[in-house]
Amino acid sequence: MATISLRKGNARLPPEVNRVLYVRNLPFNISSEEMYDIFGKYGAIRQIRIGTNKDTRGTAFVVYEDIYDAKTAVDHLSGFNVANRYLIVLYYQQAKMSKKVDQKKKEEEIARMQEKYGVSTSRDK
């Protein structure tokens, strides 16, 4: 298997490679069994979390037992067609995710403050 040759070669992995994958562009009605069928081909899976609410539908997190299995999955499943949708498979990066959340919170806070004090920006006019 390809994963065995990676380990024997002592290949250095890029720093962004980890066991947790972030999957986007999933069909909204995909089941956890289908996810295990698709991603389980590349190694043992510890956990799959599928987004269910309005903001997270079409996304999932897949956690592999082994980092090399996760790398193989990213290499093979990026662009994979599922129900006429092409999957986007990325390595989960906590720092990038928290920045998006922080930005959204800041924008909401500014909007609340503007509303509270009756301030409008030039864009609002």
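User: Let's start with one strand pair. In which sense do β2 and β3 pair, and over how many bridges?

Analyst: Happy to. Keep in mind that this is a predicted model. To read a strand pair, look at its direction and then count the bridges. Here β2 and β3 run antiparallel to each other, with 5 bridges between them. For one concrete rung, find Q47: its bridge partner in β3 is V63.

User: Which strands belong to the sheet, and in what order?

Analyst: Walk across the sheet from one side to the other and write down each strand you meet. In this model, 4 strands make an open sheet, and the order is β2-β3-β1-β6 with antiparallel pairing. At the edges sit β2 and β6, each of which pairs on one side only. If you ignore direction, neighbouring strands are turned by 20° against each other on average.

User: Where does that sheet fit in the whole chain?

Analyst: Read the elements from the N terminus on: α-β-α-β-β-α-β-β-β-α. That gives 4 helices and 6 strands. It also helps to ask how far apart contacting residues are in sequence. Among contacts with a separation of 6 or more, 65% join residues 24 or more positions apart.

User: Which strands do α2 and α3 lie across?

Analyst: Take one helix at a time, and compare its direction with that of a strand it crosses. α2 lies across β1, β2, β3 and β6, and it runs at about 135° to β2. α3 lies across β1, β3 and β6, at about 150° to β6.

User: How should I read the nonpolar core, and how many residues does the largest one have?

Analyst: The general idea is that nonpolar side chains in soluble globular proteins tend to be buried together. In this structure, the largest nonpolar core has 22 residues, and L21, V23, M35, F39, V62, Y64 and V89 are those with the most contacts inside it. At least two core residues come from each of β1 (20-24), α2 (32-39), β2 (45-50), β3 (60-64), α3 (67-77) and β6 (88-91). The largest share is that of α3, with 4 residues.

User: Could we zoom in on one core residue? Which residues does V89 contact, leaving aside its neighbours within four places in sequence?

Analyst: Pick the residue, skip those sequence neighbours, and list what remains. For V89, the contacts are L21, Y22, V23, F39, V74, L77 and S78.

User: And how much of the chain is buried?

Analyst: Of the 125 residues, 26% are buried. For the outside, check the area and which atoms supply it: the chain exposes about 9,000 Å², 51% of it from carbon and sulfur atoms.

Definitions and conventions: Residues numbered from 1 in each chain as written. Predicted model: local features only at pLDDT ≥ 70, side-chain atom pairs only at ≥ 80, totals over all residues. Heavy atoms only, no water. Buried < 20%, exposed > 50% of the residue type's maximum accessible area, 1.4 Å probe, protein only. Contact = heavy atoms within 4.5 Å. Areas by Shrake-Rupley, 256 points an atom, 1.4 Å probe, with all protein chains shown as cover. Core = buried A, V, L, I, M, F, W, Y, C linked by side-chain atoms within 4.5 Å. Pairing = 2+ DSSP bridges. Axes fitted to C-alpha atoms, helices over the stretch in contact; angles between N-to-C directions.
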